Amino acid sequence: MATIGAVTLADLQAWHDKSLKGKLIVGISETSIRSMEAKVRAAFESLPQAQALPRATMIPRAKARRLLIDKEDVNQSNVEIVGLGTDRHNPDVPPSPS
């Protein structure tokens, strides 16, 4: 606990700005919901309200369809079920590896 207590708000801000680029990720381990809520409120309620990001443009959903092809000479299949991914310009998309 002494190590955690030595971390300053400036330390957290510098790490956050460098690592998360303005996004906040919080991991919490607590056995009591009430205790957790009290601790989170005490830690964060003095922070300024964040500005909401503009909503991403929704991509229209593709029409569902079923394609059946009779292939008696084939005894194996690969089935892939996919959905539309996140737009590459969305700020939540992680950066590509360098």
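# A predicted chain: surface and helices

User: How much area does the chain expose, and what share of it do carbon and sulfur atoms supply?
Analyst: Accessible areas use the Shrake-Rupley method with a 1.4 Å probe; for residues, only the protein chains shown count as cover. The chain exposes about 10,700 Å². Of this, carbon and sulfur atoms supply 56%.

User: Where in the chain is confidence highest?
Analyst: This is a predicted model: local features need pLDDT (the predictor's confidence in each residue, 0 to 100) of at least 70, side-chain atom pairs count only at 80 or more, and totals for chains, interfaces and linings use all residues. Residues are numbered from 1 along each chain as its sequence is written, and side-chain values use heavy atoms, without hydrogens and water. Confidence is lowest in helix α1 (residues 2-5), at a mean of 72. It is highest, at 87, in helix α3 (residues 33-44).

User: How many helices does the chain have?
Analyst: Helices are DSSP runs of H or I, at least four residues; strands are E runs of at least two; both are numbered from the N terminus. The chain has zero strands. Its helix count is three.

User: Which residue meets arginine 41 in a salt bridge?
Analyst: A salt bridge puts a side-chain nitrogen of Lys or Arg within 4 Å of a carboxyl oxygen of Asp or Glu. The count is one. Here the N to O distance is 2.9 Å, and the partner, four residues away in helix α3, is glutamate 37.

User: Is isoleucine 28 buried, partly exposed or exposed?
Analyst: Buried means under 20% relative accessible area, exposed over 50%, partly exposed in between (1.4 Å probe, protein chains only). Isoleucine 28 sits in the loop between α2 (9-19) and α3. Its relative accessibility is 44%, so it counts as partly exposed.
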